[in-house]
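Student: I'd like to go through this structure with you, one question at a time. Can we start once it's up on the screen?

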Amino acid sequence: MQTIWLGGAEWVAVLRIGLGLWWLESWRHKDRKGWFERGTGIAWAADIAGKHRWGVVRTGFRRVVEPRPKLIAYVVYAELALGLGLVTGFLTPVALVAGLLLNLLYLTLMIHDWAEQGQNAMMALISLVALFAMAWQTWSLDAAFGLFL
């Protein structure tokens with residue numbers, strides 16, 4: 001692949017790092033104290049799930065999330081772990097697959113919100129491209145440690 005400035009592998013690494021920064025920003029702007037002490041994140045999600053057009057989402061939320069609000073609140077730290085993993089390139093394939101699954105979950109929950117749909121669809125697409133392009137080969141701890149060769 002011929003490109004201007006960087007090679008193809010480096011551009012894929014830029015994409016991976018950018019996705020990691022996106023996850024870190026998603027984590028940074030959340031009110032973590034509110035999520036854990038007042039349950040604001042789960043309350044917000046419950047409101048959305050309760051109005052969801054798909055019954056399976058409403059039922060799944062009631063069965064999985066509502067009985068475990070404190071445990072589910074830790075999803076905000078999953079965003080931190082994804083961001084750090086992608087920026088540093090540590091356990092990159094794991095972070096890409098986990099991020100893809102989390103984006104698909106968010107995409108399903110927020111089916112009615114076009115702004116959220118766009119963000120989650122783009123993040124999922126970047127995850128797929130980075131995964132299939134093996135974005136951990138360049139500028140990563142995975143490459144430095146010889147992981148996932």
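Student: Is L141 buried, partly exposed or exposed?
Tutor: This is a predicted model, where local features need pLDDT of at least 70, side-chain atom pairs count only at pLDDT 80 or more, and totals for chains, interfaces and linings use all residues. Residues are numbered from 1 along each chain as its sequence is written, and side-chain values use heavy atoms, with hydrogens and water left out. Buried means under 20% relative accessible area, exposed over 50%, and partly exposed in between (1.4 Å probe, protein chains only). L141 comes out at 34%, so the label is partly exposed.

Student: Which nonpolar residues form a surface patch with L141?
Tutor: Patch members need over 30% relative accessible area and no salt bridge, and nonpolar side chains (Val, Leu, Ile, Met, Phe, Trp, Tyr) are joined within 5 Å. Together with L141, the patch has about 530 Å² of accessible area (Shrake-Rupley method, 1.4 Å probe, only the protein chains shown counting as cover). The partners of L141 are F90, L91, V94, F145 and F148.

Student: D142 is in helix α9 too. What is the nearest side chain of opposite charge, and how far away?
Tutor: Helices here are DSSP runs (H or I, at least four residues), numbered from the N terminus. Lys and Arg count as positive, Asp and Glu as negative, while His and the chain ends are not counted. A salt bridge needs a side-chain nitrogen of Lys or Arg within 4 Å of a carboxyl oxygen of Asp or Glu. D142 is buried and has none; the nearest opposite charge is R16, at 7.0 Å.

Student: R16 is one of the buried residues of α1. What is the distance between the end C-alpha atoms of that helix?
Tutor: The expected span of a helix is 1.5 Å times one less than its number of residues. For the 21 residues of α1 (residues 8-28), that gives 30 Å. The model agrees, with the end C-alpha atoms apart by 30 Å.

Student: How many salt bridges are in the whole structure?
Tutor: One of them pairs D31 with R38 (2.9 Å, N to O). Another joins K51 and D47, with the closest N and O atoms 3.3 Å apart. A search of the whole structure gives a total of 4.

Student: And which residue forms a salt bridge with E79?
Tutor: The closest N and O atoms of that pair are 2.9 Å apart. E79 lies in helix α6 and its partner in the loop between α1 and α2, so the bridge ties together parts 49 residues apart in sequence. Both residues are buried, and the partner is K30.

Key:
Helices (H or I, at least four residues) and strands (E, at least two) are DSSP runs, numbered from the N terminus. Patches are made of residues with over 30% relative accessible area and no salt bridge: like charges are joined within 9 Å, nonpolar side chains (Val, Leu, Ile, Met, Phe, Trp, Tyr) within 5 Å.
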